[in-house]
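The following paragraphs offer a guided reading of one protein chain. Please keep the sequence and the structure in view throughout.

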Amino acid sequence: TAPGATAGMSEQNTPSSDQALYQAPPSVRGMTVLDREAFTQTVTVPALLVPTGLVNRALKSLKKLTLQRPGVKRVVEEEGCGETHKLVLLDPRVSSLDAIAGTGLQDLGVASEIRHFALRLTYDNLRSEEVLRAVLPDGHDVTSGFSRVGHIAHMNLRDHQLPYRNLIGQVIMDKNPGVTCVVNKTNSIDSTYRHFSMELLAGEDNMVAKVRENGLLYEFDFSRVYWNPRLSTEHERIVSQLRREDVVVDVFAGVGPFAVPAARRGCAVFANDLNPESFRWLQHNSRINKVTDKVTAFNLDGRDFIRGPVRDLLPDLLRAKTSVHVVMNLPALAIDFLDSFRGLLAHEPGVGVACEGTLPRVHCYSFSKDDAPQRDVVRRAAASLGAELDGVCSVHMVRNVAPNKEMLCVSFTLPKEVVFSDTHPSSGEKHTHFLRFTLYHTIFIYKAL
């Protein structure tokens with residue numbers, strides 16, 4: 001037997017009435033401080049007496065009919081048999097020899113009867129769902145799911161689960177190797193800095209996570225920045241569209257899940273985030289992945305970034321026929337920032353002739369609760385941009401965020417009539433544009449070209 005599971009004596013012809021295997025003691029119901037010993041219980045499981053030399057063959061033949069239980073060995077000693085026979089523990093639903101008919105074991109000399117074995121189960125042998133179902137009030141939802149971010153397990157507990165939150169956190173940490181910190185979200189994502197408040201449920205108060213995604217390492221303070229482990233595939237999808245000589249403009253870069261892999265691909269990347277913590281970790285992740293020569297980071301509002309550094313960068317890139325991708329991954333608000341492209345290059349009328357076919361490709365993310373989410377995001381993007389997008393854009397369904405809430409990415413080439421329209425920036429923007437130009441111009445052209 002494995003540590004935490006103690007085998008008892010086998011009994012012949014003892015009926016098994018415990019089809020669910022484990023029935024939690026009533027005393028654990030309502031527990032708020034975890035008492036592991038309170039979950040110990042002896043249960044009866046069916047077993048087959050198998051000659052020692054046939055044990056491996058029996059395990060292969062029985063496949064899913066054997067007992068599957070954390071920390072419990074499927075093969076145990078049978079008292080009085082010495083080394084000649086072993087007991088193979090079976091799934092509790094196996095109640096007769098009919099279940100093993102066709103396996104060929106009886107023809108090999110396996111005993112033609114189901115024995116029953118007293119198995120001592122402890123807390124270590126229980127699954128997290130079993131523990132929580134035993135503790136929470138009968139009929140209440142059991143939450144054992146979480147997002148894993150390095151050593152941190154992030155949960156979204158419901159109101160009725162909050163009285164048990166510390167116990168839930170301890171159980172999640174116990175049952176998931178490598179998890180040393182469990183937190184619960186306490187509010188919605190902050191639209192400004194894209195992070196949410198959280199409380200520590202169990203473990204160490206260490207929020208600096210180390211995460212590997214698509215072969216790259218990221219480090220960040222999870223409590224102060226935004227990171228979603230479910231977006232790995234989407235990050236890879238966008239980056240796979242890039243070529244080595246492309247330029248990437250990441251308006252809401254976070255800690256770099258688009259920017260860093262794009263730079264590793266060989267692109268020149270201009271990445272921005274308003275959150276000072278995201279900006280700091282973006283620079284850090286560029287360093288540890290050895291792409292600082294490819295990433296220029298900014299700590300600006302998204303609209304200021306587009307109307308400032310991006311506006312200064314684009315003319316030379318368009319003249320050089322450079323392919324530019326603009327990533328706008330702030331689903332709650334990104335569409336509202338599309339109006340920043342109106343008249344962006346009105347001060348560069350000569351560029352419009354040279355840039356035919358090379359205007360930036362925008363990848364803008366959004367949430368939608370509409371019954372027709374694809375149509376909805378295209379309509380809203382067009383309204384913000386001030387140009388028709390039907391038939392000239394593509395929409396990718398990223399993920400289902402919640403019931404009736406989808407995350408989508410609408411991709412399109414910036415319309416020429418938008419970028420070079422007569423929508424001029426304000427007089428204040430005109431004044432600061434000249435001052436910014438000299439500062440950014442040399443850096444941009446050196447890294448982009």
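A polar contact is a pair of N or O atoms within 3.5 Å; within protein, one atom must be able to donate a hydrogen and the other to accept it. The model under discussion is a predicted one. With this criterion in hand, the start of helix 7 can be examined. D301 caps the N-terminal end of helix 7, with a side-chain oxygen placed 2.9 Å from the backbone nitrogen of R303.

Helix 7 itself comprises 18 residues, 302–319. From its first C-alpha to its last, helix 7 reaches 24 Å, close to the 26 Å expected at 1.5 Å a residue. The helix is nevertheless kinked: a bend of about 45° is centred on V310. Of the 18 residues of helix 7, 14 are buried, so the helix is largely enclosed by the rest of the structure.

Beyond the helix comes K321, which has a positive phi near 60° although K321 is a residue other than glycine. K321 belongs to the loop between helix 7 and strand 15. Its relative accessible area is 48%, and because the partly exposed class spans 20% to 50%, K321 counts as partly exposed. A positive phi of about 60° is also found at K290, again not a glycine. K290 lies in the loop between helix 6 (276–288) and strand 14 (295–298). With a relative accessible area of 69%, K290 is exposed.

Which residues does S340 touch, leaving aside those up to four places away in sequence? They are R303, I306 and R307, and these three positions fall within the range 302–319 of helix 7. An α-helix has 3.6 residues a turn, so residues three or four places apart point the same way. S340 is located in the loop between strand 15 (324–328) and helix 8 (351–354). The C-alpha atoms of S340 and F305 are separated by 9.5 Å, while the two residues are 35 residues apart along the chain. S340 has a relative accessibility of 2% and therefore counts as buried.

Attention now turns to strand 8, residues 181–185. Why is strand 8 described as largely enclosed by the rest of the structure? The description applies because 4 of its 5 residues are buried. Strand 7 (residues 152–155) runs parallel to strand 8 and is joined to it by 4 bridges. Between these two strands the chain passes through helix 3 (residues 165–175), and the resulting β-α-β crossover is right-handed. Within the parallel pairing, A153 stands opposite V182 of strand 8.

Strand 8 also pairs with strand 9 (residues 198–203), here in the antiparallel sense and over 5 bridges. One position in this pairing is K185, whose bridge partner in strand 9 is M198.

N184, a residue of strand 8, provides a detailed view of this region. At 2% relative accessibility, N184 is buried, because buried means under 20%. A polar atom of the N184 side chain lies 2.9 Å from the backbone nitrogen of L157. Not counting residues up to four places away in sequence, N184 touches M155, N156, L157, L162, S197, M198, E199 and L201. Among these contacts, M155 lies within the residue range of strand 7, and M198, E199 and L201 lie within that of strand 9.

Methods: Residues are numbered from 1 along each chain as its sequence is written. This is a predicted model: local features need pLDDT of at least 70, side-chain atom pairs count only at pLDDT 80 or more; totals for chains, interfaces and linings use all residues. Side-chain values use heavy atoms; hydrogens and water are left out. Buried means under 20% relative accessible area, exposed over 50%, partly exposed in between (1.4 Å probe, protein chains only). Two strands pair if DSSP finds at least two bridges between them. A crossover is right-handed if, with the strands pointing away from the viewer, the path from the first strand over the helix to the second runs clockwise. Contact means heavy atoms within 4.5 Å. The expected span of a helix is 1.5 Å times one less than its number of residues. The bend at a residue is the angle between axes fitted to the seven residues ending there and the seven starting there.
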